[in-house]
Amino acid sequence: MEAKKSNILQVDNLNVFYGTFQAVKDVSFHVMDGEIFGLLGPNGAGKTSTLSAIEGLIKQQSGTVSVAGYDTLQKPLYARAAMGVQLQSTSFQPELNVSEILQLYASIYGMKLTQDKLTALLKEINLADAEGKKFGQLSGGQQQRVSLAITTIHDPKLVLLDEPTSGLDPQSRRQLWARIEAIREKGHGVVLTTHSMEEAEAVCDRISIIDHGRVIATGTPQSLIDKHRNDPEVIAVSRRGKITLEDVFIALTGEAIRS
């Protein structure tokens, strides 16, 4: 019998303001353990502000965020301890080698990374032969694998990934997808932001599309395609004959380029 899943992240009626500008408007969604959840939207749609509120980097004006059962305002330390965060522009000390970086961040989380554990971790992320390489000498894909390993080194229940495959070649991107799916298989919840609709279709169990600060659609990628495939706006923007998630996304958020 399959174990019942629970919500590892609960966001309810979240509102975020910067002065008089409202960046997030009554946003609600949940993420279950063992689920990869995609948060999609054009530039300036409110994704980053939503993530920042979840991480505790900014304080929402109203609404609640709960991580592993801990309210991020009432129990911020407990909530943060249950999270691992990988930012799009994450970088580490380029003069340190891979082994030193992993040891450093393990110690920050109060963990002792023995040589056996280090060797197993390097093998797991396909960097067994790069232990002595400096971070600055690694390829983009290798750097992202190190970053993801550090994000999950303390075994967080919720993992936040901000465009983790941006700028990677197809091979590196597929390797990182496999790593993200492995995180899900361990029962963790994953929130993924991406501009790649192909990526969202490939790895996300469910997605929310956010625009102008509001969630405008939520569901599995296929369910959103099925729901909107006959919409005139979707048919009008489709270029391939076969309706894709990108067609639905463009139809719902508009064709105008966002700065």
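Two strands are counted as paired when DSSP finds at least two bridges between them, and with that in mind I would like to begin at one such bridge, where valine 159 has valine 190 in strand E8 as its partner. I should say at once that what we are looking at is a predicted model.

That bridge belongs to the pairing of strand E7, residues 158-162, with E8, which runs in the parallel sense over five bridges. The two strands sit inside an open sheet of six, whose order is E6-E7-E8-E3-E9-E10 and whose pairing is mixed. At the edges stand strand E6, residues 83-86, and strand E10, residues 214-219; each has a single partner strand, so one side of each is left without a neighbour in the sheet. From one strand to the next the twist averages 15°. Helix H6 packs on this sheet, where it touches E7, E8 and strand E3, residues 36-40, and the direction of H6 makes about 125° with that of E3.

Let me move to the E10 end of the order. Strand E9 and E10 pair in the antiparallel sense, again over five bridges, and serine 208 stands opposite threonine 218 in E10. The two strands form a hairpin with two residues between them, and in the turn histidine 212 has a positive phi of about 50°. Across E9, residues 206-211, and E10 lies helix H8, residues 221-228, which runs at about 100° to E10.

H8 also has a helical partner, namely helix H10, residues 245-253: their axes come within 9 Å and cross at roughly 60°, and the crossing is left-handed. On the H8 side the contact involves Pro221, Leu224, Ile225 and His228, which meet Leu245, Val248 and Leu252 in H10. Sorted by class, the residues of this contact are six nonpolar, one polar and no charged.

Now to the other sheet that I want to describe. It is an open sheet of four strands in the order E2-E1-E4-E5, with antiparallel pairing. Its edge strands are E2, residues 21-32, and E5, residues 70-71, each of which pairs on one side only. Strand E1, residues 7-18, is joined to E2 by eight bridges, the two running antiparallel, and one position to find on the screen is tyrosine 18, whose bridge partner in E2 is phenylalanine 21. Helix H1, residues 47-55, lies across E1, E2 and strand E4, residues 62-67, and its direction is at about 120° to E1.

The next topic is helix H3, for which I have two packing partners to show. With helix H5, residues 140-151, H3, which covers residues 98-108, packs at an angle of about 20°, and the axes are 10 Å apart. Angles under 35 degrees count as roughly parallel, and H3 and H5 are therefore roughly parallel to each other. Their crossing is right-handed. The residues that meet are Val98, Ile101, Leu102 and Tyr105 in H3 and Val146, Ala149 and Ile150 in H5, and this contact divides into seven nonpolar, no polar and no charged residues.

With helix H4 the geometry is as follows: the axes of H3 and H4 come within 11 Å and cross at roughly 115°, which makes H3 roughly perpendicular to H4. This crossing, too, is right-handed. From H3 the contact draws on Val98, Ser99, Leu102 and Gln103, and from H4 on Leu118, Leu121 and Leu122. By class there are five nonpolar, two polar and no charged residues in the contact of H3 with H4. Val98 and Leu102 are thus named in the contact with H5 and named again in the contact with H4.

Finally, a word on charges. Side chains of opposite charge can pair when their charged atoms come close. How many salt bridges does a search of the whole structure find? The search returns seven. One that I would point out joins glutamate 124 to lysine 186, with the closest N and O atoms 3.4 Å apart. Glutamate 124 lies in H4, residues 115-124, while lysine 186 lies in the loop between H6, residues 170-185, and E8, residues 189-193, so the pair ties together parts that are 62 residues apart in sequence. That brings us back to E8, the strand in which valine 190 partners valine 159, and I will stop there.

Conventions: Residues are numbered from 1 along each chain as its sequence is written. This is a predicted model: local features need pLDDT of at least 70, side-chain atom pairs count only at pLDDT 80 or more; totals for chains, interfaces and linings use all residues. Side-chain values use heavy atoms; hydrogens and water are left out. Axes are lines fitted to C-alpha atoms, for helices over the stretch in contact, and angles run from 0 to 180 degrees between N-to-C directions. Angles under 35 degrees count as roughly parallel, over 145 as roughly antiparallel, 65 to 115 as roughly perpendicular and the rest as oblique. A crossing is left-handed if the near helix is turned anticlockwise from the far one by less than a right angle, and right-handed if clockwise. Contact means heavy atoms within 4.5 Å. Ala, Val, Leu, Ile, Met, Phe, Trp, Tyr, Cys and Pro count as nonpolar, Asp, Glu, Lys and Arg as charged, and the others, Gly among them, as polar. A salt bridge is a side-chain nitrogen of Lys or Arg within 4 Å of a carboxyl oxygen of Asp or Glu.
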